[in-house]
Amino acid sequence: KRIATMEEAESFKTAGNKHFQKNELNQAISNYTSALDILNKQQKSSDDDHKLLQTTCLSNRAMCHLKLCSTTKMALSASTLHEKKKEHLDICIKDCTSALTILDSIKSSTAGTKLRMKLLYRRAKATSILPSSSSSPQQQKQQDDEEINKNLNSAARDLLDILSLEPNNKEAASLLQSIKIKHGMMKDSNDSASPLSKALNGLHDLLVQLKPSKEEDDYKKKKT
């Protein structure tokens with residue numbers, strides 16, 4: 001049986017991109033999956049171009065699932081909606097993690113830096129809004145708070161990785177600030193010494209450094 005080529009995988013990726021631009025997300029996912037099926041049959045390849053194509057398809061498919069999470073029909077029952085959103089976010093996180101693992105194996109240290117930041121941001125975004133495993137209100141409070149705290153911590157680490165690569169990345173800084181606020185709203189007053197609280201409180205100085213000073217803002221306004 002003939003093994004499909006990288007060129008055919010590239011064609012599927014291009015078709016997926018066209019569907020994505022038209023917001024035809026399920027069709028885009030199908031095309032990216034077809035491209036990945038071809039590439040996975042050539043797993044033993046150590047070629048960096050092959051690996052970059054794999055990571056791009058995984059990243060694009062992850063973005064489709066992230067978008068589908070926000071566009072899932074509200075007409076569904078609460079429990080079904082919960083399950084569908086969690087399913088999309090779980091796949092998004094898994095695809096991003098797989099892609100980052102492949103990127104780590106690429107010989108060139110500079111290859112895929114922008115793609116790495118995209119993957120880290122998408123994984124952080126998905127992790128930060130990932131619903132708890134349980135959909136039953138009776139199970140939720142303590143168990144779910146622990147799970148959500150763990151997810152926020154993971155998302156914060158990914159965002160800090162982005163900021164270590166690009167300190168002025170506004171999207172990452174903004175999401176990091178949202179995570180800090182979200183955690184602050186969740187925690188009990190006697191939980192302020194938790195490891196996550198300490199970690200997030202330590203982000204304040206970093207966020208201040210990223211924000212332009214009043215003098216810089218005034219200077220920019222004068223120039224415009």
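At 45% relative accessibility, Asn23 comes out as partly exposed, since its value falls between the 20% and 50% limits. This is a predicted model, so the numbers here all come from computed coordinates. Asn23 sits in the loop that links α1 (6-21) to α2 (25-40). Its backbone is a bit unusual: phi is near 65°, which is positive even though the residue is not a glycine. For context, most residues other than glycine have a negative phi.

Moving on into helix α2, we get to Ser30. Like Asn23, which is partly exposed, Ser30 falls in the partly exposed class, here with a relative accessible area of 43%. Ser30 and His19 are 11 residues apart along the chain, and their C-alpha atoms are separated by 9.9 Å.

Then there is α3, the helix running over residues 48-71. With its 24 residues, α3 spans 35 Å from the first C-alpha to the last, close to the 34 Å expected at 1.5 Å a residue. At the start of this helix, Asp47 puts a side-chain oxygen within 3.2 Å of the backbone nitrogen of Asp49.

What about the rings? As far as aromatic pairs go, the count for the structure is zero. Phe20 does have a charged partner, though: Lys67 lies over the face of its ring, at 5.2 Å from the ring centre. That distance is inside the 6 Å cut-off used for a charge over a ring.

Conventions
Residues are numbered from 1 along each chain as its sequence is written. This is a predicted model: local features need pLDDT of at least 70, side-chain atom pairs count only at pLDDT 80 or more; totals for chains, interfaces and linings use all residues. Side-chain values use heavy atoms; hydrogens and water are left out. Rings of Phe, Tyr and Trp (its six-membered ring) pair if their centres lie within 6.5 Å; planes under 30 degrees apart count as stacked, over 60 as edge-to-face and the rest as tilted. A charge sits over a ring if NZ of Lys or CZ of Arg is within 6 Å of the ring centre and within 35 degrees of the ring normal. Helices (H or I, at least four residues) and strands (E, at least two) are DSSP runs, numbered from the N terminus. The expected span of a helix is 1.5 Å times one less than its number of residues. A polar contact is a pair of N or O atoms within 3.5 Å; within protein, one must be able to donate a hydrogen and the other to accept it, and residues adjacent in sequence count only if both atoms are side-chain atoms. Buried means under 20% relative accessible area, exposed over 50%, partly exposed in between (1.4 Å probe, protein chains only).
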